[in-house]
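Trainee: Please take a close look at the surroundings of the ligand, and keep to that part.

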Amino acid sequence: MQPVRHPDAPAPGELLGAHYGECFGCGGDQPHGLHLEARAGDGVGITAEFTVRRAHQGAPGLAHGGVLTSALDETLGSLNWLLRTIAVTGRLETDFVRPVPVGTVLHLEARVTAVAGRKIYSTATGRIGGPEGPVAVRADALFIEVKVDHFIDNGRPEEIRAAMSDPDQVRRARAFEVNP
Ligand SMILES: CCCCCCCC/C=C\CCCCCCCC(=O)SCCNC(=O)CCNC(=O)[C@H](O)C(C)(C)COP(=O)(O)OP(=O)(O)OC[C@H]1O[C@@H](n2cnc3c(N)ncnc32)[C@H](O)[C@@H]1OP(=O)(O)O
């Protein structure tokens, strides 16, 4: 089925903010995190930027492949905001096309390609040298819709308690819920 942008999705161009302050991908409270900033795009699409820093190296002066995959995963995960669905990564396949040096801004773009029941198919690219620059990485993913209980039942109690007693966090979790 064709994906449908939720009527209450953030407007195109709107900065999405972190879904969780301690998220490695988007959280502001992780010193070595990616600090990825995502914006709602048109349709069921997202754009995002990630600057590769020293803490993200694999080979000298080059980004670690797993970190680049994390940036793709986070960008694809941000599509949840547009569907107003909570979904986790089930499968993620990455192509590494060009090396990405430290200091590079990775310009990411992701969109949902199809939805089938709880399965959300999506694709992403990361370009260097500008939003129209050459593709350095790309990924195809399958996300699976879950209930908020997925986190409450499986997360470590310490962090879950802290998240549930934080009104901002509860508000953000609600922003993902489907309101038919
Ligand atoms: C107020 C406090 C609470 C706080 C709340 C905070 C709000 C947070 C909001 C938003 C968070 C977003 C976070 C984004 C972060 C970035 C994204 C990540 O990195 S997520 C982490 C990495 N991923 C995992 O940890 C998943 C681990 N895996 C699982 O838990 C399960 O395997 C799960 C849920 C994915 C599926 O398990 P099943 O039991 O629910 O469902 P089954 O029946 O197995 O699968 C459903 C369908 O999907 C297919 N499927 C599942 N996995 C597949 C795979 N790997 N490949 C192909 N198909 C797969 C199955 O074949 C099935 O298909 P058929 O319906 O039969 O057609």
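Mentor: Helices here are DSSP runs of H or I with at least four residues, and strands are E runs of at least two, both numbered from the N terminus. The model is predicted: local features need pLDDT of at least 70 and side-chain atom pairs count only at pLDDT 80 or more, while totals for chains, interfaces and linings use all residues. Residues are numbered from 1 along each chain as its sequence is written.

The shell around the ligand holds 27 residues, where a residue is near a molecule if its C-beta atom, placed from the backbone, lies within 6 Å of it. Gly 77, Val 88, Gly 90, Arg 91 and Ile 144 come nearest. The elements that give two or more residues are H1 (65–77), E3, E6 (135–145), H3 (149–154), H4 (157–164) and H5. E3 supplies the largest share, 4 residues. By class, the shell has 14 nonpolar, 8 polar and 5 charged residues; Ala, Val, Leu, Ile, Met, Phe, Trp, Tyr, Cys and Pro count as nonpolar, Asp, Glu, Lys and Arg as charged, and the others, Gly among them, as polar.

Take H5, one of the contributing helices. H5 spans residues 167–174 and includes Ala 173. Ala 173 counts as partly exposed because it has 18 C-beta neighbours inside 10 Å; 20 or more would make a residue buried, 12 or fewer exposed, with C-beta atoms placed from the backbone. Ala 173 and Val 148 are 25 residues apart in sequence, and their C-alpha atoms are 7.7 Å apart in space.
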